[in-house]
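User: I'm new to this one and would like to know the reasoning behind the labels people put on it. Could you take me through it?

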Amino acid sequence: MSGYIIVNILSTLLILTSLVLILAKSPRKAAYIYGTQALVLVAILITLGSASGAHGLYTWSITAFITKVILVPAILLFALKKMKPQQEDMPPRLAPTVTVALTVVIVVLCVLVVSGITLPTALEVKPALAVSLALFFIGITCIISQRSIIKQIFGFCLMENGSHVSLALLAPEAPMLVEIGIATDAVLVVIVMVIMATRMYRTIGTLDANEITKLRG
Amino acid sequence: MLFGFDIAGFAIASVVVPFVAAILIIVCKQAAAKWLSLGAGSLSFFATALVWIGFAGIEAERVHSGLISLGKVEVLGLVFDQISVMLASCFVVIGLIITVYSIGYLSSKNREHADAPRRSFYVFFTLFIGAMAGLVYSSTLVGQLVFFEITGACSWALIRYYGTKTANRAALKALILTHVGTLGLFLAIGILFFQTGSLGIGAIALLDDHWKTVLLLCVLFAAWAKSAQLPFYMWLPSAMEAPTPVSAYLHGASMVKAGVAVFARVLTEAGAIPEIIGWVAAIAAVITLLFSFFMYLPQRDLKRLLAFSTISQLSYIFLGFAFFILGSSLAFEGALMHIFNHAFAKTLFFLVAGALSFTLGTRLLPHIKGVLKKQPLLGVGFAVGALAIAGVPPLNGFFSKFAIFSGSFQAAAGDFLLMTIVVVALVETVVCFAWFVKWIGSVLPGEPSEVVASATPLPKSMSFTLVLLIIMVFVSSFIAAAWLG
Amino acid sequence: MTLESTLLVIALMATPFAAALLTAVLPSKILPHWAYEVLHAFSLTIVCVSALYLAITVVLNGENVQALGSWFYLDALGAVFIFLIGAVGLLAGWYSLPYLRHKVGNDTLSNRQVKHYYFFFNLFIFTMLVAVLSNNIIMMWVAIEATTLATVFLVALYNNRFSLEAAWKYLIICTVGVAFGLYGTLLVYANGASALADSSQAIFWTSLVGSGAPFDPLLMQIAFVFAVVGFGTKAGLFPLHTWLPDAHSEAPSPVSALLSGVLLKCAVLIIMRFYTLAVETLGSGFPQMIMLIIGIVSVIIAAFAMLMQDDVKRLLAYSSCENIGIVALCLGFGGPLGIAAALLHCVFHGFIKALLFCLTGNLDMKYGTRELSKIKGVLQVAPATAVLLVIGFVSLAGFPPFALFVSEVLAIIAAVVSGNIIVVVIFGLVLTVVIAACFRAISKMVLSKAPEDAAKGEVGVFALVPQILLVVVILWFGVAMPQQLFKGIEAATAIVLQEEGNVLLEAPVIKDLFDE
């Protein structure tokens with residue numbers, strides 16, 4: 001079995017984990033699921049590294065492991081511990097069935113779009129590429145469909161994962177500095193978002209995006 | 001050259017001095033405002049007069065001098081010919097006369113609008129004078145657009161001067177409607193630049209027929225908006241919320257005249273003009289003419305009556321332009337003379353209306369009777385203004401209307417539709433005359449009514465300007481005819 | 001390229017960064033305010049002077065500067081924008097001093113918050129400079145993302161319900177939007193890595209542009225749309241512009257001035273860089289269509305929103321959306337005139353919006369509110385502010401003799417030349433709505449009757465001077481554009497179009513007429 005096929009199969013796991021993440025009731029569970037998804041991402045990077053012979057991907061997988069599997073969930077879990085939101089589960093804006101249906105539509109559209117690409121590096125991994133693009137849009141779906149601010153932060157993380165995988169698939173030879181830059185940036189964004197969420201929780205007393213509607217017009 | 005200076009220098013001075021004065025008025029104390037405004041108006045008038053004298057001494061028919069260029073493209077420039085020299089002096093001198101008048105008018109003695117003068121009036125009025133001079137002298141479409149826009153902004157500030165809700169709304173209406181008109185100028189600039197790479201009005205002559213038609217229609221559109229023709233007329237009757245001196249300027253020598261001045265400039269420089277433009281202008285003019293005629297019949301407020309009368313007089317000017325395009329240069333001269341003559345006549349009439357409300361506290365015609373006995377100067381002014389607008393000889397309105405009509409008959413000879421248009425216009429003139437005579441008969445003679453009997457005296461500055469304007473109404477036509485003929 | 005300019009480019013970026021670090025390290029409990037103020041003023045003055053010097057040398061010598069390998073790069077296009085950052089940064093930074101003193105004086109802000117303010121302000125300037133000077137396309141993205149992170153705390157400075165809400169919306173929408181930008185950037189990079197002979201060069205804008213490499217067209221289309229939506233979010237373009245009115249109205253006034261005046265333009269610069277790439281690989285049809293659609297929709301939505309506002313800062317914020325929409329429209333019209341109009345509009349609008357937002361600071365100090373219905377009779381209460389406000393709004397409405405008129409006329413000429421007559425008619429009518437909104441604001445605030453109990457008096461000369469300087473610039477650029485600026489715009493236009501020489505004066509129509 002060629003490494004590329006494994007990559008394609010692993011990538012479907014990304015879709016599954018992100019769906020579970022969106023549908024998860026508590027933000028705490030979501031953090032663990034996010035860690036799992038990050039592990040899948042690390043696995044994809046390693047497999048891709050052995051399949052394409054791009055050794056930069058191994059170091060890349062290490063930074064991804066540190067930032068995505070450990071740091072991001074840890075930061076969020078720490079913040080959740082400090083805030084202890086009373087109403088832990090806010091009902092999502094969209095019903096779960098709608099979310100699932102939307103995901104399916106996104107995946108189909110992405111497969112259609114990706115099928116037109118003729119780039120030589122992309123030929124072997126088109127399914128995975130479609131999945132990474134879909135993951136990006138699933139992240140947006142998560143931000144739109146969820147009321148919990150914490151869940152919205154996860155939505156951003158999903159989008160970021162999507163672009164990460166796309167980069168790895170399309171340009172496995174990318175210089176170290178690029179991926180370190182992107183990874184650090186993502187962690188910084190998560191930290192700033194958590195700080196803002198904490199301040200809002202302290203001042204406004206809620207983490208419900210539906211309550212943040214004073215500014216209009 | 002005049003006294004060692006180029007006439008362009010004087011022309012620039014006539015525009016720049018009011019602009020600088022406006023800034024000074026903002027910076028200086030309240031008490032200095034009217035003197036600064038007056039000084040700037042006088043200097044500007046002297047400058048335009050010197051331009052006139054200087055130009056008269058030159059053999060050339062048309063002098064052009066560029067001011068600002070980007071690369072080889074002239075962005076701003078000045079043009080001097082019979083039209084610009086005459087109209088600039090006319091618009092500036094009327095601005096000056098009205099400034100003198102408003103020094104008397106804007107006071108706590110005013111019975112209709114008792115109000116201490118504020119600086120904002122003088123700032124924007126002075127700016128307005130400079131902008132009108134600039135508009136007329138501009139040799140590029142961009143220059144015209146610049147001053148077109150500035151006059152729009154000034155009129156906004158002056159119409160809303162009293163700050164009431166209706167005044168605010170009227171001011172915004174004037175600004176918005178005339179700005180919709182600038183869209184035509186914007187497009188014209190784009191087309192001209194696209195087709196010839198130039199912004200100068202003279203380049204219009206280089207266009208092919210198709211683009212020339214489009215461009216002239218765009219400019220005509222802009223002129224309609226500024227000159228309160230259909231379908232844009234609404235702003236002018238509402239603009240009556242302005243202080244009366246401002247209305248006088250808007251009607252006599254600025255806003256509405258800006259539109260026709262722009263169109264006249266473009267017509268003189270456009271070379272051979274497609275006939276279709278003439279047809280469009282003529283038909284639109286006669287429709288507006290009829291419309292405004294039916295609108296002013298029921299008016300009882302003197303100022304609203306005058307508003308619709310202005311709209312119809314502007315239609316005559318457009319009619320003159322239209323028949324120029326259709327082949328009569330006499331009609332064009334008549335139209336230009338009418339711009340000049342109507343400026344004095346309408347200003348006079350407005351200032352009389354303002355003086356009536358100043359002394360009587362009302363301007364509703366049915367209440368005003370027996371003016372001649374109590375206020376002879378106002379009575380004479382009223383009669384002279386009304387008859388001049390109606391076109392009664394030997395007042396100035398007669399000569400210009402006569403030129404327009406005889407030119408029109410020449411051009412329309414043999415064409416049934418055109419002849420109908422001319423005849424309709426002629427009928428309007430006659431009825432208009434009858435209508436004004438009716439009001440003269442009701443307002444002037446007889447014993448003063450209660451309102452008139454309680455009149456307060458008129459300030460000297462106001463009487464002085466009225467006398468000056470009455471004289472001008474008699475002589476302006478000869479000045480214009482001598483100059484253009 | 002001289003060593004001196006290279007060092008200056010590095011110094012330009014290092015100064016605000018060092019100032020920020022120093023501000024962060026100095027303890028706010030011991031030190032008085034003025035220590036931070038001096039540091040802040042010192043840093044911004046150096047930034048302004050060196051930015052002006054660099055911009056003028058690059059434009060006049062026609063040489064580009066590179067620094068730190070090829071990571072940083074200053075061409076005429078960048079020069080136009082560092083000029084804007086330097087000049088507006090200094091004036092808004094200057095205005096910050098009296099404004100913050102007032103806020104400390106009435107106990108709205110604590111010492112610690114003041115320290116935060118100066119720290120993030122300098123960091124903000126630093127991130128914008130990095131965004132403009134990057135040649136590395138990933139670095140561009142990182143820097144744009146960093147501007148969000150640096151400013152979100154400035155937006156949330158007052159730490160009340162409204163500012164926190166605004167900051168959160170700003171953060172979430174911009175990071176999501178800019179994630180689109182990242183995706184677009186990555187696609188371009190991946191595309192370049194496989195198409196260029198030396199794939200390690202694919203990360204530099206200078207090697208991607210003009211390479212003539214066989215890019216995948218579909219991938220490039222997706223990348224361009226992603227980049228426009230992504231960086232367009234940051235620039236305040238439809239559809240992800242909704243954060244802008246909140247963030248720009250809740251931020252402290254000098255910060256709003258910088259956000260609206262400069263930051264939006266930095267995002268526009270990034271869009272222009274992608275636009276150049278897209279035009280090169282796809283032809284001008286597709287990119288121009290995208291910019292036209294986004295531009296006209298932004299302009300229409302924002303113009304009508306301006307009419308509805310009762311909050312003067314929200315009105316100004318929507319006007320920023322509208323003006324960035326005009327810039328996008330100009331890019332959509334294309335051609336040398338369109339690009340030049342876009343660049344000029346960026347510069348002019350930067351100065352005008354900075355002026356108006358600083359003036360809302362004056363109003364805030366006098367009236368303590370931003371509501372149009374409560375700010376009455378500015379002319380009687382604070383005459384100098386009133387005159388400046390009138391000038392600001394009139395120039396925002398695009399009236400001559402102020403600068404914005406020039407770029408709007410140029411935009412319309414570009415539109416007619418490109419043949420988009422219907423778009424230009426819609427555009428012209430929408431501008432009328434903008435004018436109505438601006439004059440309505442003047443009417444309501446400046447020329448109305450002052451309330452009886454209003455305390456008369458100006459805000460102080462020190463606060464007025466930067467505003468007067470801004471008015472001078474607006475008038476100067478409107479009446480007589482300096483030759484250096486014209487040359488800079490011309491060279492920048494040449495870069496966007498990837499053509500050599502004096503593109504403006506050699507634009508086809510003008511050339512045909514004079515080169516006989």
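Analyst: Sure, let's go through chain A and then its contact with chain C; bear in mind that this is a predicted model.

User: What makes chain A a helical chain, in terms of helices and strands?

Analyst: Just count them: chain A has 7 helices and 0 strands. Read from the N terminus, its elements go α-α-α-α-α-α-α.

User: How do you know that chain A agrees with a compact globule?

Analyst: Set its radius of gyration against the rule. A compact globule of 217 residues would come out near 17 Å, and chain A has 18 Å, so the two agree. Along the principal axes, the C-alpha atoms fill a box of roughly 50 × 35 × 35 Å.

User: What share of chain A is buried, and what does it take to be called that?

Analyst: Buried residues are 47% of the 217 in chain A. To earn the label, a residue needs 20 or more other C-beta atoms within 10 Å of its own.

User: How many of the contacts in chain A link residues 24 or more positions apart?

Analyst: Of the contacts with a separation of 6 or more, 74% do.

User: Which residues make up the contact between chain C and chain A?

Analyst: Chain C gives 39 residues and chain A gives 37. On the chain C side, α5 (137–155), α6 (161–195) and α8 (217–235) each give two or more, and α6(C) has the largest share, with 20 residues.

User: What kinds of residue are on that side of chain C?

Analyst: It divides into 25 nonpolar, 8 polar and 6 charged residues.

Technical notes: Residues are numbered from 1 along each chain as its sequence is written. Chains are lettered from A and ligands numbered from 1 in the order in which they are written. This is a predicted model: local features need pLDDT of at least 70, side-chain atom pairs count only at pLDDT 80 or more; totals for chains, interfaces and linings use all residues. Two residues are in contact if their C-beta atoms, placed from the backbone, lie within 7 Å. Helices (H or I, at least four residues) and strands (E, at least two) are DSSP runs, numbered from the N terminus. Ala, Val, Leu, Ile, Met, Phe, Trp, Tyr, Cys and Pro count as nonpolar, Asp, Glu, Lys and Arg as charged, and the others, Gly among them, as polar. The radius of gyration is taken over C-alpha atoms; the globule rule is 2.2 Å times the number of residues to the power 0.38. A residue is buried if 20 or more other C-beta atoms lie within 10 Å of its own, exposed if 12 or fewer, and partly exposed in between; C-beta atoms are placed from the backbone.
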